[in-house]
Amino acid sequence: MGVVNVTPDSFSDGGRWFDTERAVKHGLDLASRGADLIDVGGESTRPGAPRVDEAEELRRVVPVVRALAAEGLVVSVDTMRAAVAEQSLAAGALLVNDVSGGLADPAMIPAVAAAGAPFVVMHWRGFSDAMNSRAVYADVVGEVTDELRTRIDAAVDGGIAPDRIVVDPGLGFAKEAPHDLALVAHLDRLRALGHPLLVAASRKRFLGRVLAGPDAAPPPARERDAATAAISALSAQAGAWAVRVHDVRPTADAVRVARAVEAAR
Ligand code: PMM
């Protein structure tokens with residue numbers, strides 16, 4: 001899954017694809033580099049980010065979704081708003097990726113259910129302005145798994161077919177680096193929820209922490225793509241359905257290698 005952030009302020013690529021034409025071109029580039037799915041979002045979820053209003057989110061996202069779908073690409077929409085999901089599905093998106101797992105907008109689950117679309121349920125504990133203070137766990141893998149199970153139940157109760165639900169640990173969302181690493185180390189426990197698993201580690205803070213030199217300065221986000229590809233290989237080995245990344249090529253290669261090794265078992 002390649003990322004197209006149509007935002008001025010996303011943490012690793014904010015501003016780079018912030019007009020329709022550039023965003024569409026970027027989506028096409030990602031597909032030509034090996035992305036099977038293009039995830040289009042119009043609201044930054046980096047820690048501390050303010051919310052964007054709905055009209056602006058629609059303005060950013062819908063034309064990009066429409067253009068990429070018209071090119072025959074499989075498009076997902078990354079949104080916490082039912083109206084953005086609905087209009088994106090009408091414009092040709094096939095999947096709804098809601099980082100709040102249906103918590104941010106009570107109209108989201110009914111809208112996705114009515115459309116019969118697949119739904120990504122991510123682990124989430126609150127909006128970006130408050131999420132860092134919620135990174136408190138006694139047993140991060142157990143708690144994330146339990147909280148995801150609750151959201152899966154809510155989605156199914158709301159009418160989304162169980163076989164249309166994808167789960168995601170929400171790396172970096174209300175999580176510190178050791179939490180993210182523990183989740184990556186135990187993807188098997190998330191797989192045991194019985195749904196396809198999406199892992200979105202791309203360029204995130206925990207990778208910066210792992211890569212930080214002796215002076216403890218993390219490399220900038222755009223220098224974390226090799227580390228991202230390492231997580232992609234580990235995720236593929238653990239049976240992930242998809243990995244969501246900014247730079248598709250190294251990840252496509254990593255996934256191919258993981259698959260070849262798996263085939264040789
Ligand atoms: N992370 C971001 C945005 N969307 N969607 C899913 N399903 N999972 C994630 O972890 C996730 C997401 C934030 O990263 P970005 O600003 O680089 O897109």
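Colleague: Why is alanine 174 called buried?

Modeller: Buried means under 20% relative accessible area (exposed is over 50%, partly exposed in between, with a 1.4 Å probe and protein chains only), and alanine 174 has 0%, so the residue is buried. This is a predicted model, in which local features need pLDDT of at least 70 and side-chain atom pairs count only at pLDDT 80 or more, whereas totals for chains, interfaces and linings use all residues. Residues are numbered from 1 along each chain as its sequence is written, and side-chain values use heavy atoms, with hydrogens and water left out.

Colleague: What makes the phi of alanine 174 worth a remark?

Modeller: Most residues other than glycine have a negative phi. Alanine 174, which is not a glycine, has a positive phi of about 55 degrees, and its place is in the loop between strand 6 (165-168) and helix 6 (177-185), where helices (H or I, at least four residues) and strands (E, at least two) are DSSP runs numbered from the N terminus.

Colleague: How do you know whether arginine 203 is buried or exposed?

Modeller: The relative accessible area of arginine 203 is 7%, and therefore the residue is buried. Arginine 203 has a positive phi, near 60 degrees, and lies in the loop between strand 7 (198-199) and helix 8 (205-211).

Colleague: What makes the approach of aspartate 78 to the ligand a polar contact?

Modeller: A polar contact is a pair of N or O atoms within 3.5 Å; within protein, one must be able to donate a hydrogen and the other to accept it, and residues adjacent in sequence count only if both atoms are side-chain atoms. A polar side-chain atom of aspartate 78 lies 2.8 Å from a nitrogen atom of the ligand, so the pair qualifies.

Colleague: Which distances place lysine 204 and histidine 246 beside ligand oxygen atoms?

Modeller: For lysine 204, a polar side-chain atom is 2.7 Å from a ligand oxygen, and for histidine 246 a side-chain N or O atom is 2.7 Å from an oxygen atom of the ligand.
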